[in-house]
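Here is a walk through one protein model, taken piece by piece. Keep the structure open and follow along.

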Amino acid sequence: IYSVQRDDRVVSLSFDAAWGNEDTQMLIDILNKYNVHATFFVVGEWVDKYPESVKALADAGNEVMNHSSTHPHMAQLSAEQIQTEVNTCADKIEAVTGTRPTLFRCPYGEYNDTVVSTINGLGMHVIQWDVDSLDWKGISAGEITKRVTGKVQSGSIVLFHNAGEHTPEALPDILDYLLAEGYKIVPISKILLTCDYTIDHEGRQCPAV
């Protein structure tokens, strides 16, 4: 699922956490200040290193979801290896937060039919994004803001990284813009459709007709 067909003005912000941890608390503080919750996709090894940050994310009302255990190229794995990656990470998240993740984001955004069917078989949705902030490229806060505000639309899922160099600097301007434009910002599980749905050729989740 790359985005969701919605009639209301609603978007989701997501952050992938696989490496550093310098800015996580800053991101939590900014989101708290705006009274906004986001979805953080964390790698199992990151949970091992920074359990207190994982707990802080969950305690602040953010979703902590699954980004694999070791950040492999999922499309190169067997179904059994995929299950192990997903379940190992889910166990670690659940141990810290008390909640088992229901969403999965593939490392590098790479997937194939085996990845999707295996993860769906575990009762989870595979989540991509339709707006890439490119914050991992080290571009300026202004460029990040311009990319996101120029591409975002209702039902968008925006990709950031918790360790993006200028992400904390860009985030307040992006939140100001979205709120001024009348968007409600919700975690990804709250933007997904609960009715019967189809997924179109662009990866948009649409209500089944």
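**A guided walk through the model**

Start at R147, which sits in helix α6 (residues 141-151). Keep in mind that this is a predicted model. Is R147 buried, exposed or partly exposed? Its relative accessibility is 27%, so R147 counts as partly exposed. Buried would need a value under 20%, and exposed one over 50%. Leaving aside residues up to four places away in sequence, R147 touches V131, D132, S133, L134 and I139. Now look for G123. It lies 24 residues from R147 along the chain, and the two C-alpha atoms are 33 Å apart.

Turn next to T39, a residue of strand β3. T39 has 0% relative accessibility and therefore counts as buried. Which residues does T39 touch, not counting those up to four places away in sequence? They are L13, S14, F15, E63, M65, P187 and I188. For a longer jump, find Q205. T39 and Q205 are 166 residues apart along the chain, yet their C-alpha atoms are separated by 18 Å.

Stay with β3 itself, which covers residues 39-42. In a regular strand, side chains alternate between the two faces of the sheet. Here T39 and F41 point one way, while F40 and V42 point the other way. All of these residues are buried. Strand β2 (residues 10-17) pairs with β3. Four bridges join the two strands, and they run parallel. To find the register, look at D16: it stands opposite F41 of β3.

Another sheet comes next. Strands of a sheet pair through backbone hydrogen bonds, either parallel or antiparallel. This sheet is open, has three strands in the order β1-β11-β10, and shows mixed pairing. Which strands stand at its edges? They are β1 (3-4) and β10 (197-199). Each has a single partner strand, so one side of each is left without a neighbour in the sheet. Between β1 and β11 (residues 204-207) there are two bridges, and these strands run parallel. Q205 reappears here: in β11, Q205 is the bridge partner of V4.

Now the helices. Helix α1 (residues 24-33) packs with helix α7 (residues 167-180). Their axes are 10 Å apart, at an angle of about 10 degrees. An angle under 35 degrees counts as roughly parallel. α1 and α7 are therefore roughly parallel to each other. The crossing of α1 past α7 is right-handed. From α1, the contact uses M26, L27, I30 and L31. From α7, it uses T167, P168, L171, P172 and L175. By class, this contact of α1 with α7 has eight nonpolar residues, one polar residue and no charged ones.

Finish with a second helix pair. The axes of α4 (residues 79-97) and α5 (residues 113-121) come within 10 Å and cross at roughly 55 degrees. That makes α4 oblique to α5. The crossing of α4 and α5 is right-handed. Which residues meet there? A79, I82, Q83 and V86 of α4 meet T114, V115, T118 and I119 of α5. Sorted by class, the contact of α4 with α5 has five nonpolar and three polar residues, with no charged ones.

Note on methods
Residues are numbered from 1 along each chain as its sequence is written. This is a predicted model: local features need pLDDT of at least 70, side-chain atom pairs count only at pLDDT 80 or more; totals for chains, interfaces and linings use all residues. Side-chain values use heavy atoms; hydrogens and water are left out. Axes are lines fitted to C-alpha atoms, for helices over the stretch in contact, and angles run from 0 to 180 degrees between N-to-C directions. Angles under 35 degrees count as roughly parallel, over 145 as roughly antiparallel, 65 to 115 as roughly perpendicular and the rest as oblique. A crossing is left-handed if the near helix is turned anticlockwise from the far one by less than a right angle, and right-handed if clockwise. Contact means heavy atoms within 4.5 Å. Ala, Val, Leu, Ile, Met, Phe, Trp, Tyr, Cys and Pro count as nonpolar, Asp, Glu, Lys and Arg as charged, and the others, Gly among them, as polar. Buried means under 20% relative accessible area, exposed over 50%, partly exposed in between (1.4 Å probe, protein chains only). Two strands pair if DSSP finds at least two bridges between them.
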